[in-house]
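Reader: Hi! Could you walk me through this structure?
Author: Happy to, here it is.

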Amino acid sequence: MSALTMSGDFGLEKPVDRSTTSPPVAEAVAEPAKERTMEKVATRPVAETGTPLGERLAAFGRAVLPPVLGLVVLIGLWHVATHKGGSIPGPAQVWDAAVALFSDPFYRNGPNDQGIGWNVLSSLQRVGIGFGLAALVGIPLGFMLGRFAFLSSMVNPVISLLRPVSPLAWLPIGLLVFKKADPAATWTIFICSIWPMIMNTAQGVQRVPQDYLNVARVLALSEWKIVTRILFPAVLPYMLTGIRLSIGTAWLVIVAAEMLTGGVGIGFWVWDEWNNLKVEHIIIAIFVIGVVGLILEQALILLARKLTKESS
Amino acid sequence: MEKFVQIEKVGQTFDTKKGKFVALRDIDLTIRKGEFIALIGHSGCGKSTLLNLISGLALPTTGVLLCDGREIAGPGPERAVVFQNHSLLPWLTCFENVYLAVERVFSGREGKAKLKERTAAAIGLVGLDHASSKYPHEISGGMKQRVGIARALSMEPKVLLMDEPFGALDALTRARLQDELMKICEATRATTVMVTHDVDEAVLLSDRIVMMTNGPAATIGEILEVDLPRPRQRLTLAHDPAYIDYRAAVLEFLYEKQAHVEKMAA
């Protein structure tokens with residue numbers, strides 16, 4: 001539930017100082033999650049301390065009931081829409097197929113027929129590599145763009161031009177350069193993850209309070225100390241926001257990229273099951289992709305909360 | 001009398017969208033070693049600008065500033081600043097905030113144990129031993145400002161510069177910190193320049209009060225020698241005729257001599 005509201009927040013971003021950056025840049029720059037998580041920490045204990053059992057149950061109900069109801073309504077609608085038969089399987093059929101599928105998620109029958117576990121893992125591996133490389137390049141680049149105005153006005157138009165391009169448009173270039181499907185898919189992940197990382201890091205660096213920089217000047221701190229003690233901690237919440245946006249996009253893009261490149265991966269698996277006309281498996285894949293995306297997002301929110309708590 | 005900080009024919013002009021803005025002109029001031037100077041004036045009179053010039057955070061358009069015989073060409077730890085809004089780094093504990101300064105100044109000569117000892121001593125000086133391992137957001141505004149003072153003092157600066165250090169605090173906390181500051185300055189014989197808009201604070205703490213005319217193109221209007229014996233007690237001073245006269249002199253400058261200029265400017 002909270003993941004749903006979190007991702008919902010990105011649609012309703014607060015207008016953050018749009019004057020300081022060109023409009024396309026500002027779109028992907030969300031406020032760091034810090035304030036939000038702080039609110040949560042502050043409001044949570046109310047229901048848990050020393051209140052009577054009835055009230056606690058009621059609070060629990062208020063927290064759990066709506067999401068459960070939402071899922072029930074979804075499955076109910078799905079059932080109603082499919083119970084007369086047709087090409088889309090109903091919830092019961094999908095459930096049976098899922099039980100069979102998850103009873104052996106890690107089998108291997110040759111390169112094109114592997115368990116769903118392997119498919120998810122190889123997708124995650126591609127996302128991990130592409131995303132990791134993007135972080136290695138994007139975060140230092142973001143620091144430099146935030147630090148040097150000239151560089152920033154030099155590179156910003158290029159970023160504005162390239163950012164709206166669907167990462168899949170880069171896939172043929174990847175295929176051409178790497179001559180193989182696998183690195184080409186990783187390459188598309190790299191491309192789509194790098195923009196939010198660059199922009200949020202740069203934004204964070206630009207917003208380091210002047211007071212802290214004055215402290216650095218009065219103490220005459222070395223450049224290394226300035227980076228480790230002042231810039232990095234001040235930029236961290238922004239960086240984590242960039243990382244969260246990146247990984248969300250990367251997980252969206254990998255499915256499409258794998259449909260095009262083939263091999264092993266959840267996207268390829270969806271396409272393969274479509275060719276086999278196993279529609280139950282496609283629906284299962286949709287749920288699996290959703291759950292993995294949710295877990296990735298939640299893990300990063302947890303990480304952000306832990307790190308910013310330490311540094312705030 | 002030892003000339004310690006010399007400000008000679010200093011002026012500061014800013015380039016704005018509407019053209020040049022003269023903030024300060026013709027500032028001449030010599031500060032003795034161990035002296036406590038208060039800079040007072042209406043808001044916008046350039047007193048913070050003058051402090052920034054002494055700290056080296058800004059450089060003058062004309063004239064020259066010297067500290068201990070050397071030209072001030074930039075900020076440095078021998079001129080420590082206590083900022084108006086404390087400016088502690090929120091991701092470091094009070095101890096680590098002070099340690100950052102201590103480490104910078106003394107790590108070349110002293111071992112880690114000695115550096116920690118210095119840090120603890122500075123925190124002890126402002127009476128915050130118990131809050132040493134707390135983060136800035138866990139302590140009150142007055143305590144944060146004390147950590148800021150500890151950080152500045154820990155560097156054993158030649159000059160201590162304070163920009164309305166108690167401006168954001170309530171009256172009771174402010175009085176307590178003023179008393180503490182007086183004790184610290186007497187103990188360390190620190191040369192101090194403090195920007196303030198509080199007349200009582202200025203008279204209580206200073207050896208000399210530098211009163212600035214209203215901006216734009218502000219300059220030094222009058223300098224008042226405060227010849228009250230130390231240690232000073234705020235309660236006894238409240239009835240001291242000399243104290244009352246000094247206070248009246250500053251008020252007169254601010255609200256009679258400089259008041260009409262403000263009206264004209266407005």
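Author: A bit of vocabulary to begin with: strands (E, at least two residues) and helices (H or I, at least four) are DSSP runs, numbered from the N terminus, and two strands pair if DSSP finds at least two bridges between them. This is a predicted model, in which local features need pLDDT of at least 70 and side-chain atom pairs count only at pLDDT 80 or more, while totals for chains, interfaces and linings use all residues. Residues are numbered from 1 along each chain as its sequence is written, and chains are lettered from A and ligands numbered from 1 in the order in which they are written.

Reader: Thanks! What joins β1(B) to β2(B)?
Author: A hairpin of two residues makes that connection. The strands, β1 (residues 3–16) and β2 (residues 19–32) of chain B, pair in the antiparallel sense over 10 bridges.

Reader: Which residues in β2(B) are the bridge partners of B:Thr16 and B:Thr13?
Author: B:Thr16 has B:Gly19 as its partner, and B:Thr13 has B:Val22.

Reader: What order do the strands of the open sheet in chain B take?
Author: Four strands form it, in the order β2-β1-β4-β5, with antiparallel pairing. β2 and β5 (70–71) of chain B are at the edges with a single partner strand each, so one side of each has no neighbour in the sheet.

Reader: Switching to helices, how many residues does α3 of chain B have?
Author: Helix α3(B) has 14 residues, 112–125. From first C-alpha to last, α3(B) reaches 20 Å, close to the 20 Å expected at 1.5 Å a residue (that is, 1.5 Å times one less than its number of residues).

Reader: And which residues of α3(B) are buried?
Author: B:Arg118, B:Thr119, B:Ala122 and B:Ile123. Buried means 20 or more other C-beta atoms within 10 Å of the residue's own, exposed means 12 or fewer, and partly exposed is in between, with C-beta atoms placed from the backbone.

Reader: Why do they line one face of the helix?
Author: Seen down the axis of α3(B), the buried residues fall within an arc of 130°, so they line one face; the arc is that of the directions from the helix axis to the C-beta atoms. The face turned away from the buried side carries the exposed B:Ala113 and B:Gly124.

Reader: What do the buried residues of α3(B) pack against?
Author: They pack against α2 (94–106) and α4 (141–154) of chain B. After α3(B) comes B:Gly127, whose phi is positive, near 70°.

Conventions:
Contact = placed C-beta atoms within 7 Å.
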